[in-house]
Amino acid sequence: MLKNTVFRQSRVASFRFKLGLVFFSFSAEALIAGFYIAVTRSITPILLIASGYRLEDILLINGFAGLFSLVIGLTLYKYGSRRISKLKLLMVHVLERTMWFTIPFMVGNKVLLTLVYGLAVASTLPTSIYMQTTILSSFNNMEYRRIVSVRTALASFSSILGHVFVVLTLATLSGQGKYLGLYETAFGIGILSSIIIALTPKSAFKNRVPMVRNGGFEAEVKATNTFILLVAILSSYMLLNMAWTPRLMYDLKAPDYIAASIGLAQTVAAIGSSFFWANKNSGTYRYALIM
């Protein structure tokens, strides 16, 4: 009887220890990845403008990137497996970082750049889906809420650091080499987050929580309406972002670090606004969208 009790207590302690390691791994991954994402996403449009690309070129490149993402998303939805292995997550994790690192080497060829940039943007989709699926299946409801909140806070913090790093680098260095240096730094830090995934205990990939794809008719309608709303909002947001950088650098003759500062301001404002809107009702959201 005593042996069984000790054995059960030992198993519970071992499970909690492994769960703690998984929690720490996913938290550390978000902290490091936030920096890498902030640098690569903010510096790419600035690099394209500095390399002579016009607004119509950037719109075309992003159009192909959206098309690639749509194809990848539909493929994952129709044929993707519900079980995510560590190898599968690690492969898409490293692939995404490699594709973004390749971008500055392709700016001399518009066709290759369009292809590589499209693949880089599209590769973020399976990485995000696999990561979220793994996290969702690794924790129960309370633990899942906690890990999501911790990851969001850490990613936001490191994102601000990434934007500050970009602004300071662009403001203090000159020449095209500074852009490559930013990509190299982001790639090295991004691979570090992949190493953390590789070291994550295998218990995180056992998919203890069943994944449900389909809901009732009402849930499907709500999901469709939400999807249309998000597409409209994100499309307008992306169009404004793509047009704003060329406007600053071409028309207003602003230096690149000023354009990068816009991204920093947006990140800080987004973090602050998330606290502001946390307890607002749906009616207030509607008025805000109209405004």
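In this predicted model, helix α2, spanning residues 55-79, packs against helix α4, spanning residues 110-138, at an angle of about 40°, and the two axes lie 8 Å apart. An angle between 35 and 65 degrees falls in neither the roughly parallel nor the roughly perpendicular class; α2 and α4 are therefore oblique to each other. Their crossing is right-handed. The residues that make up the contact of α2 with α4 comprise 16 nonpolar, 5 polar and 2 charged ones.

One residue of helix α2 that can be followed individually is Ile61. Ile61 has a relative accessible area of 2%, and the limit for burial is under 20%, so Ile61 is buried. Apart from neighbours within four places in sequence, Ile61 is in contact with Tyr53, Leu113, Thr114 and Tyr117. For one of these partners, Leu113, the C-alpha atom is separated from that of Ile61 by 8.0 Å, although the two residues are 52 residues apart along the chain.

The description now turns from the helix pair to the nonpolar cores. The largest nonpolar core contains 34 residues, and Ile43, Ile46, Ile103, Val166 and Leu170 are those with the most contacts inside it. Two or more residues of this core come from each of α1 (2-50), α2, α3 (86-102), α4, α5 (141-172), α6 (177-199), α7 (217-251) and α8 (256-276). The element that gives the most to this core is α1, with 8 residues. A second core, separate from this one, has 15 residues, among them Phe23, Phe26, Met131 and Phe205.

Leu170 offers a view of the surroundings of a single residue in the largest core. When residues up to four places away in sequence are not counted, Leu170 touches Ile43 and Ile46, as well as Lys178, Tyr179, Leu182, Asp256, Tyr257 and Ala260. Ile43 and Ile46 are themselves listed with Leu170 among the residues with the most contacts inside the largest core.

A further residue to consider is Ser159, which lies in helix α5. Is Ser159 buried or exposed? Its relative accessibility is 14%, and burial requires a value under 20%; Ser159 therefore counts as buried. With its neighbours within four places in sequence left aside, Ser159 is in contact with Gly34, Phe35, Ala38 and Thr267.

Terms used: Residues are numbered from 1 along each chain as its sequence is written. This is a predicted model: local features need pLDDT of at least 70, side-chain atom pairs count only at pLDDT 80 or more; totals for chains, interfaces and linings use all residues. Side-chain values use heavy atoms; hydrogens and water are left out. Axes are lines fitted to C-alpha atoms, for helices over the stretch in contact, and angles run from 0 to 180 degrees between N-to-C directions. Helices (H or I, at least four residues) and strands (E, at least two) are DSSP runs, numbered from the N terminus. Angles under 35 degrees count as roughly parallel, over 145 as roughly antiparallel, 65 to 115 as roughly perpendicular and the rest as oblique. A crossing is left-handed if the near helix is turned anticlockwise from the far one by less than a right angle, and right-handed if clockwise. Ala, Val, Leu, Ile, Met, Phe, Trp, Tyr, Cys and Pro count as nonpolar, Asp, Glu, Lys and Arg as charged, and the others, Gly among them, as polar. A nonpolar core is a set of buried Ala, Val, Leu, Ile, Met, Phe, Trp, Tyr and Cys residues joined through side-chain atoms within 4.5 Å. Buried means under 20% relative accessible area, exposed over 50%, partly exposed in between (1.4 Å probe, protein chains only). Contact means heavy atoms within 4.5 Å.
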